[in-house]
Every structure is written in C-alpha cells, then in structure tokens.
Amino acid sequence: PRKFKIAITGCANDRAAIKVHDIGLVVVQNAAGETGFEFWVGGGLGRTPVIGKCINPFVAKRDLLSYSEAVLRVYNMLGRRDNMYKARIKILVNETGVEEFTRLVNEEWAEIREGYLELPEEEVQRIRDFFAPPAYESLEADPPEFMEKLDADPAFADWAHANLAPHKVSGYAIVNLSLKPIGGIPGDVTDSQMEAVAALADQFSFGEIRATHEQNLTLPHVAQKDLYALWEALQALELATPNVGLVSDIIACPGLDYCALANARSIPVAQMISERFADLKRQHDVGPLKIKISGCINACGHHHVGHIGILGVDKKGTEFYQITLGGSAEEDAAVGQILGPAFGYDEVTDAVENIVNTYLKLREGPGETFLQMVRRTGVTPFKEALYETA
Ligand code: SF4
C-alpha cells in the first residue's frame with residue numbers, strides 16, 4: 001500500500017477517530033463476554049473523505065492478525081495502482097461495494113485463519129503484562145481535599161470541568177493538558193515545558209504521558225487528591241488553559257507557515273479565532289465545539305470532521321477559506337457539509353463568530369450542543385445568517 005493507517009479505540013466513545021482510518025478497531029465484548037474487535041475498513045480524509053464501513057462486528061483476539069492480513073491481501077490484489085490518489089483502501093471498498101469486499105475478505109480469511117497468524121494466548125498475555133496497570137493506591141472517590149478546592153477556587157473548578165475525564169479507578173482522574181493557550185500556536189510546546197511535564201508525570205501520573213490526535217497531552221492516572229497541586233504547577237507552565245473540547249481547542253495543520261503543499265495559512269487563522277473567543281466564560285457558555293483547520297485538501301488538520309471545518313483554498317494566488325459544518329471524528333462520525341462560497345483571510349474569523357452566534361440564538365437551550373443543533377436544523381440557518389450579512 002502507498003500509505004495505510006490503523007486506529008484503535010478501547011470503548012464505545014471513539015477517542016481515536018477510527019472511522020476515518022484505513023482500518024479502525026473498536027474493542028468490544030460478544031454475548032459470551034469474550035473480548036474482541038469490531039472491524040471497520042475504508043475510512044479516510046484527504047481529497048476523498050469517507051466514513052469507514054463495519055465489515056465484521058466481532059473478530060476474536062486470536063484472529064486479529066489473520067483477519068487484518070485477509071483485508072490487506074484483498075486490498076493488495078484489487079487495489080488501484082493506476083492513480084496515486086486512488087491507491088487507498090477507501091476507494092477499493094467504495095468501488096467494490098462493502099458486501100462484496102466483505103465476502104472477498106472472508107474468502108481470503110478462510111485460507112489463512114488457522115495458519116501462523118493465529119495469535120497465541122501466550123503472546124496476548126505477554127502484551128497484557130507489558131501494559132499492566134500501574135500500582136494504584138486504594139483511594140476514596142472525590143476526596144475532601146479535591147471537593148473543597150472545587151468549591152473554593154472557581155478557576156480550578158473551570159479547569160476541572162473542561163480538562164478532566166473520569167478514570168475507571170476510584171480516586172483517580174484523567175488529566176488533559178491543553179496545548180492551546182489563547183492566541184497560541186495549537187499543539188506547540190517548548191522543550192522546557194516538555195521537561196517540566198515529564199517531571200510532573202513522574203510525580204503525579206506513574207511516569208506516563210500520552211499525546212492525543214487533538215494536539216494535546218494527557219496524564220492518564222492522577223490521584224484526585226493531587227489535582228490541585230498539579231493544576232498549580234501547570235498554571236505556572238502556562239499549560240492549564242481550561243478549554244479542552246471548547247471553541248479555542250482548535251486543531252490546525254502547519255499550513256502555509258511551513259508546509260510546501262499548502263494553499264493557505266492555518267496557524268494564524270486558529271490564533272485569530274482563539275483570540276476572538278478569548279473570554280473563557282463565553283467558551284464555556286458555547287460548550288463542546290471542535291474547530292479543525294487544514295491548509296489544503298490533504299486534510300492533515302482533519303477539517304472534514306470538524307464540527308466547524310475550515311479548508312484553505314487558493315483563488316488566483318489569494319488565500320480563501322471554505323467552511324464546512326456538522327462533521328465529527330467520533331463514534332457519530334460524519335463528513336461536514338460545505339456552507340457556500342469561501343471567505344477571505346480577513347473574513348474567516350467573523351464568519352466563525354457568526355456561526356457560533358447563530359447557534360447560541362437558535363439552540364434549544366444549553367443542553368443542545370452545537371453538533372446536535374446542526375444535525376437538527378441542517379446548515380440552512382447558518383447559511384442564511386452568514387451569507388445575508390456577508
Ligand atoms: S493539510 Fe495541506 S497544508 Fe496542511 S499540513 Fe497537510 S499538506 Fe500541509
């Protein structure tokens with residue numbers, strides 16, 4: 001294959017954008033309580049955005065390699081080689097049809113299933129041991145030192161509300177470090193910040209740090225009783241912006257600042273939008289909203305699956321930005337719908353603000369998220385608001 005990307009998510013909430021990968025795996029349990037994988041193929045972004053298709057609701061662990069090999073064999077035999085842009089499994093699945101593709105995979109799988117690719121239980125156990133959980137303490141959930149700080153310090157409470165996720169172990173939390181300071185370059189972190197985060201991971205999170213495709217970092221296991229001390233340290237490092245999942249938590253590709261393929265700048269557009277929504281209270285009022293920006297159709301900024309997607313286009317040597325609405329990279333994955341004519345560099349921030357204001361005006365209360373509203377109303381009210389005032 002020319003290039004081939006595999007993503008895996010461990011639960012029903014997709015945090016790995018598995019439906020826009022060549023192969024996407026969801027860890028599931030069958031009726032007998034055995035763990036296996038829901039198997040998706042043929043997703044992808046770029047110039048041909050496609051949401052993947054589920055071709056098998058349960059592949060047992062022992063069969064994971066042989067089933068994956070069967071998929072790759074079919075792709076290798078039938079995939080397009082005449083055109084670089086069509087040399088992707090998503091093109092093959094679309095051209096073949098998902099039913100026929102699945103039939104071909106199963107036919108191939110029957111040939112190799114019992115062979116050397118069967119994953120032995122000892123190997124599964126070796127992998128399991130490698131990823132053994134850290135030595136958690138036995139802790140009470142929501143300890144007083146955490147709950148009291150939540151009550152006493154609104155800035156800490158805002159951060160906890162936006163940047164923490166529940167941990168499966170009592171008394172622990174998952175901490176997302178925002179690399180999106182207001183007006184900053186999305187995803188940038190300095191060497192000294194990284195050194196400091198590494199030390200904090202040693203102190204508070206069993207030495208573990210994860211980098212996310214959302215261009216943030218995660219400390220996966222922090223005791224709730226330590227959260228306030230961690231937050232104070234992160235504040236000093238300017239890594240405690242309470243905006244994870246909010247309007248200024250923008251994904252942006254390098255764009256014209258340093259990508260040779262770009263049509264338009266991405267980073268300064270992200271910075272302008274972030275500054276426009278600098279008021280964190282306003283961001284929290286708006287609620288979950290993912291903006292994703294790509295500087296060209298290669299879609300490295302995942303604009304197709306942004307709730308608001310922004311694509312840089314070139315019009316006679318001038319940067320313009322096409323806006324899409326309603327995309328998602330999660331379990332409800334969807335490709336966004338183009339709103340209309342593109343906006344100039346100096347207009348795109350106003351356009352995004354107009355879209356957000358339209359949502360605030362028309363939503364059925366704060367319980368209806370931006371994405372839910374776009375799905376309820378379609379893009380028409382946004383289009384009307386945008387192009388009538390443009
Ligand atoms: S989307 Fe285009 S401009 Fe952005 S990094 Fe990818 S190739 Fe470069």
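In the predicted model, Ile 185 is placed in the loop that runs between strand E6 (172–177) and helix H7 (191–204). With a relative accessibility of 34%, Ile 185 counts as partly exposed. Beyond its neighbours within four places in sequence, Ile 185 is in contact with Leu 179, Ile 267 and Gln 271. Pro 254 is separated from Ile 185 by 69 residues in sequence, and the C-alpha atoms of the two residues are 9.6 Å apart in space.

Salt bridges were then examined across the model. A search of the whole structure gives 28 such pairs. One of the pairs found is that of Asp 63 and Arg 113, in which the closest N and O atoms are 3.1 Å apart. Asp 63 is located in the loop between strand E4 (53–60) and helix H1 (64–78), whereas Arg 113 belongs to the loop between helix H3 (98–112) and helix H4 (121–130); the pair therefore ties together parts that are 50 residues apart in sequence. The two partners fall into separate accessibility classes: Asp 63, at 2% relative accessibility, counts as buried, while Arg 113 has a relative accessible area of 30% and is partly exposed.

A further salt bridge joins Arg 103 to Glu 100, with 2.9 Å between the closest N and O atoms. Both residues lie in helix H3, where they are 3 residues apart, or about one turn of the helix. Arg 103 is partly exposed, its relative accessible area being 40%, and Glu 100 likewise counts as partly exposed at 30% relative accessibility.

The side chains of Glu 330 and Lys 290 also meet in a salt bridge, at 3.6 Å from N to O. This pair links distant parts of the chain, 40 residues apart: Glu 330 is in the loop between strand E12 (318–325) and strand E13 (337–338), and Lys 290 is in the loop between helix H10 (280–286) and strand E10 (291–294). Lys 290 has a relative accessibility of 17% and so counts as buried, since the cut-off for this class is under 20%. Elsewhere, Arg 62, Asp 63, Arg 113, Glu 114 and Glu 118 are joined into one network by salt bridges that share partners. The bridge between Asp 63 and Arg 113 described above thus has both of its residues among the members of this network.

Attention was next given to surface patches. Positive charge gathers in a surface patch formed by Arg 2, Lys 3, Lys 5 and Arg 47. Within this group, Lys 3 lies in the segment before strand E1 (6–9) and counts as partly exposed, at 37% relative accessibility.

A patch of negative charge on the surface brings together Glu 140, Asp 142, Glu 145, Glu 148 and Asp 151. Of these residues, Glu 148 is located in helix H5, which comprises residues 144–152. The relative accessible area of Glu 148 is 53%, and Glu 148 is therefore classed as exposed.

A nonpolar patch was also identified on the surface, where Ile 127, Phe 130 and Phe 131 make up an area of about 370 Å². Phe 131 is situated in the loop between H4 and H5. At 61% relative accessibility, Phe 131 counts as exposed.

Conventions:
Residues numbered from 1 in each chain as written. Predicted model: local features only at pLDDT ≥ 70, side-chain atom pairs only at ≥ 80, totals over all residues. Heavy atoms only, no water. Patch = residues over 30% accessible without salt bridge, like charges linked within 9 Å, V, L, I, M, F, W, Y side chains within 5 Å. Areas by Shrake-Rupley, 256 points an atom, 1.4 Å probe, with all protein chains shown as cover. Salt bridge = Lys/Arg side-chain N within 4 Å of Asp/Glu carboxyl O. Lys, Arg positive; Asp, Glu negative; His and termini not counted. Charge placed at Lys NZ, Arg CZ, Asp CG, Glu CD. Helix = DSSP H or I, 4+ residues; strand = E, 2+ residues; numbered from the N terminus. Buried < 20%, exposed > 50% of the residue type's maximum accessible area, 1.4 Å probe, protein only. Contact = heavy atoms within 4.5 Å.
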